Amino acid sequence: MDAQQDKIPSQASVVVIGGGVMGCSTLYHLAKSGVSDAVLFERNQLTSGTTWHSAAQVRALRSSYNLTELIRYSIQLYANLETETGQQVGWINKGSLSIATNPDRMIHIKRQEALARLFGVAAEIITPDEAQERWPLMNGDDVLGAVWSPGDGRVSPSDLCAALVKGAKSRGARICEHTGVTGILTKNGRIYAVETTKGVIKTEKIALCTGLWSRHAAAMAGVEVPVWPCEHFYLLTKPLPGILGNLPTLSDHDGHLYIRDDSGGLLVGCFEPMGKPIDPDRLGEDFAFQLLPEDWDHFEPMMHNALHRLPALETAEVKMLLNGPESFTPDGSFLLGEAAETAGLFLGCGMNSVGVATGGGAGMALAHSIVNGAPPMDLHEVDPKRFDHACNDVAALAARVPEVLGKHYEITYPGRQWTTARGLRHLPLHQKWVEENAHFGQVFGYERPLYFNKTTEPVLRFDKPDWFDQVGAEVAVAQHGVAITDLSSFGKIDVIGPDAEAALSYICSNDMTRAPGQVTYSLMLNTSGGIHADLTVMRFSENHFRLSVGTAALKRDMAWLSRHVSGDVTVTDVTDRYATLGVMGPKTAGLGAALGADWLDGIGYFKHKDGDIDAIAVTAARLSYIGEAGWEITCGADDAEKLYQRLSAAGGRPIGSLAQTSMRIEKGFISYGHDVDTDVTPFMAGLEFTLDQTSDFIGKPACETAPKPAKKLVTIILDDANAVPLGNEPVIQGDRIVGKTTSAAFGYRIGRPVLLAMLEHNSCVDGQTAQVDIAGVRFDGRVKCGAAYDADGARMRSLR
């Protein structure tokens with residue numbers, strides 16, 4: 001057997017580190033893709049660590065179509081593995097039942113049911129009586145309704161891994177248990193070998209699937225992986241009367257519980273409101289099939305909830321309170337893809353208690369990334385490059401992951417923010433925004449003002465939000481006066497060198513040969529023509545360009561640039577050196593004179609110029625993301641407060657990102673990750689104007705041969721001013737779902753809710769009616785193939 005072999009291969013195309021479900025699935029899919037010399041190293045035994053004690057629920061519906069597709073792939077794989085390998089996996093398809101015991105939870109599950117229909121997942125809202133029929137042991141006195149998902153199920157994690165390994169080995173892959181990895185060797189930012197307790201193996205690609213220990217393991221390659229364990233509890237009872245065969249999984253999220261049968265008894269697990277973190281060093285390298293001590297004091301509140309929901313528990317004999325560690329990330333989504341810092345290191349870890357459910361599809365996607373250079377679909381939500389360095393701090397992780405565990409079953413209200421591990425990064429004007437009573441949101445570690453003049457802590461809800469009037473007042477400032485927006489967190493990347501123009505002409509889709517003083521809006525595409533990023537590019541000189549990218553995209557875009565530039569050129573993140581303030585609104589027309597900076601008024605659209613304001617050296621660019629004329633003015637970070645005071649004295653007033661979002665949706669401007677991603681082409685998003693026909697940019701061949709797009713991004717304006725769309729809702733024409741909303745807000749300048757939506761091409765007819773399903777209620781609206789609002793002097797799309 002492999003576990004008894006002392007000699008390891010001298011080289012392998014891919015090395016998989018970690019023998020849990022993610023490692024076994026990745027190895028299986030690598031072998032299935034033709035990587036027959038792939039090797040998996042496990043320092044203990046397969047399934048040790050977390051996989052072996054997983055409750056192994058498999059529920060298909062996730063927050064996005066592609067994440068849902070990963071689990072649907074898992075379900076199909078688990079159902080067929082036994083036929084392929086002869087190894088049972090314990091797949092039990094009995095469905096899942098999620099109950100609601102308060103009105104907001106009912107809205108939440110109605111949104112889930114609408115999302116399921118949008119994604120093609122079988123689900124239906126059922127009555128309390130129907131829920132009781134499916135779970136007779138449940139106390140349903142307080143149940144208002146439920147969503148029934150018949151396609152869900154569960155699996156035996158150890159048997160599943162055995163089947164995956166059997167399938168991998170039949171295709172030539174090799175398993176080396178009891179073989180620890182002691183080092184990951186790199187040269188010039190790339191993997192070249194792995195050191196193990198049994199020798200060195202050469203490889204250029206690693207799949208790091210090390211679960212609880214991923215932060216430490218990745219650090220051997222110079223990579224930051226913000227993953228930290230929490231204790232996770234479930235109760236097991238001895239057999240109970242009334243449990244005959246298998247039952248659906250019951251989710252009582254208001255009680256923080258999941259419940260299913262187990263060997264004739266019950267398994268009652270929880271995601272309590274605040275979990276217990278544990279330092280992985282306390283677990284030790286030999287932690288394999290051990291468990292953590294029972295903690296009845298911690299579990300007691302959940303036990304009260306369980307006794308309420310399941311009266312039969314009062315007389316049940318407890319078998320054990322299982323306490324096993326699981327790993328979590330700062331935002332509750334797992335890590336899948338290539339690391340930013342080291343080429344060839346691919347991460348599949350931080351699974352946030354969905355490792356078994358997602359493992360089949362996630363292993364397939366990770367293997368696809370390794371073999372083909374990209375996942376089979378857009379997975380930006382789980383891209384490891386979404387976290388800033390500050391998020392990897394031990395204190396921040398230990399504070400955040402208990403909250404992440406606790407939010408696992410929390411209602412996802414709009415405007416929900418994390419409460420722990422805040423203040424990791426501050427904008428240059430942070431203290432000023434505190435003085436202006438800003439309500440902050442956290443993005444890429446930064447504290448950014450969402451809105452100002454907060455009087456009390458907002459109460460989250462699904463109807464008109466507490467901040468509605470404040471945001472409306474801020475939009476009015478931009479529409480009628482001078483608004484100041486803090487854009488300092490947006491990434492700023494300097495590309496400098498004799499070959500900078502040539503490098504950017506290859507990486508960016510638009511014309512990079514324009515003269516210094518120009519601002520160019522561009523895309524970065526992948527080889528399939530999908531949108532990797534959208535950005536603006538300022539040219540300062542023949543050899544100096546500055547790219548402005550999304551706040552959360554900085555690390556991802558830096559990695560993309562660094563891996564695609566060639567020649568004599570440097571790529572440098574200069575974000576923290578500068579502050580950028582957007583100065584927007586109709587009264588900016590006379591602002592230059594008021595500031596003693598008449599030169600501002602002479603800057604044409606999509607041009608930039610250096611100058612000074614009150615002896616502060618600045619660069620001003622004439623562009624706007626909100627549909628009101630103005631500039632984006634950049635100065636040194638140390639000069640930010642002085643510049644703001646000068647702008648404020650001239651009549652400027654601050655507005656937050658919620659007002660900006662409302663106005664950019666009214667203008668039909670995209671936001672990466674909401675409206676576009678790598679699954680979306682420029683033709684679908686109406687961004688053909690960014691494609692320069694004279695340069696050979698990445699993705700150009702795919703664009704030239706692309707068929708007419710089957711979908712297109714449009715605006716929808718709802719008739720009912722009281723509707724509260726959130727995005728990600730089905731769009732219906734007749735009795736058919738024809739697309740989904742991608743961004744949504746109240747449009748204060750038009751007095752109606754306004755949405756961007758990706759619709760089937762035939763549904764993109766100006767003035768055509770459509771309905772948007774918001775938590776089971778259909779709201780009428782009309783399609784507009786253009787902006788819902790267009791202020792004079794702000795027709796950016798035609799000027800780009």
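Reading strands, a helix and empty spaces

Mentor: Let us begin with a single pair of residues: glycine 199, in strand 11, stands opposite threonine 196. Please keep in mind throughout that this model is predicted.

Trainee: How many bridges join strand 10 to strand 11, and in what sense do the two run?

Mentor: The general idea is that strands of a sheet pair through backbone hydrogen bonds, in either a parallel or an antiparallel manner. Here, strand 10 (residues 190-196) is joined to strand 11 by four bridges, and the two run antiparallel.

Trainee: In what order do the three strands form the open sheet?

Mentor: The order is 9-10-11, with antiparallel pairing. Strand 9 (181-187) and strand 11 (199-202) are the edge strands; each has a single partner strand, so one side of each lacks a neighbour in the sheet. From one strand to the next, the twist averages 25°.

Trainee: Which strands pair with strand 32?

Mentor: There are two pairings to examine. Strand 31 (residues 608-613) pairs with strand 32 in the antiparallel sense over six bridges. Within this pairing, aspartate 610 has threonine 619 of strand 32 as its bridge partner. The hairpin of strand 31 and strand 32 has two residues between the strands, and aspartate 614 takes a positive phi near 55° there. Strand 32 also pairs with strand 33 (residues 630-636), again in the antiparallel sense, over four bridges. In that pairing, valine 618 has cysteine 635 of strand 33 as its bridge partner.

Trainee: Why is strand 32 described as largely enclosed?

Mentor: Buried means under 20% relative accessible area. Five of the six residues of strand 32 (residues 616-621) are buried, so the rest of the structure largely encloses this strand.

Trainee: Where does helix 9 bend?

Mentor: In general, an α-helix has 3.6 residues a turn, so residues three or four places apart point the same way. In this structure, helix 9 (residues 355-372) bends by about 40° at glycine 361. Of the 18 residues of helix 9, 15 are buried, so this helix too is largely enclosed by the rest of the structure. Just after helix 9 comes glycine 373, with a positive phi of about 85°.

Trainee: Which residues lie nearest the centre of the second largest pocket?

Mentor: The general idea is that rolling a probe the size of a water molecule over the atoms shows where empty space is left. The second largest pocket has a volume of about 990 Å³. It is lined by 38 residues, and those nearest its centre are Gly373, Ala374, Pro375, His532 and Trp560. Gly373 is thus the glycine just after helix 9. Strand 19 (335-338), helix 9 and helix 14 (554-564) each supply at least two lining residues, and helix 14 gives the most, with five. By class, the lining divides into 12 nonpolar, 16 polar and 10 charged residues.

Trainee: How many cavities of 30 Å³ or more does a search of the whole structure find?

Mentor: The search finds three. In the largest cavity there is about 50 Å³ of space.

Trainee: Which residues line the largest cavity?

Mentor: The lining consists of Asp511, Met512, Arg514, Gln518, Thr520, Val537, Met538, Arg539 and Phe545. Strand 27 (residues 531-541) provides the largest share, three residues. By class, the lining of the largest cavity has four nonpolar, two polar and three charged residues.

Conventions:
Residues are numbered from 1 along each chain as its sequence is written. This is a predicted model: local features need pLDDT of at least 70, side-chain atom pairs count only at pLDDT 80 or more; totals for chains, interfaces and linings use all residues. Side-chain values use heavy atoms; hydrogens and water are left out. On a 1 Å grid over the protein atoms alone, a cavity is a set of points where a 1.4 Å probe fits but cannot get out, and a pocket is an open set with protein on both sides within 12 Å along at least five of seven lines; lining residues have an atom within 4 Å of a point. Grid points are joined across faces, edges and corners, and a volume is the space filled by probe spheres set on the points. Ala, Val, Leu, Ile, Met, Phe, Trp, Tyr, Cys and Pro count as nonpolar, Asp, Glu, Lys and Arg as charged, and the others, Gly among them, as polar. The bend at a residue is the angle between axes fitted to the seven residues ending there and the seven starting there. Buried means under 20% relative accessible area, exposed over 50%, partly exposed in between (1.4 Å probe, protein chains only). Two strands pair if DSSP finds at least two bridges between them. Axes are lines fitted to C-alpha atoms, for helices over the stretch in contact, and angles run from 0 to 180 degrees between N-to-C directions.
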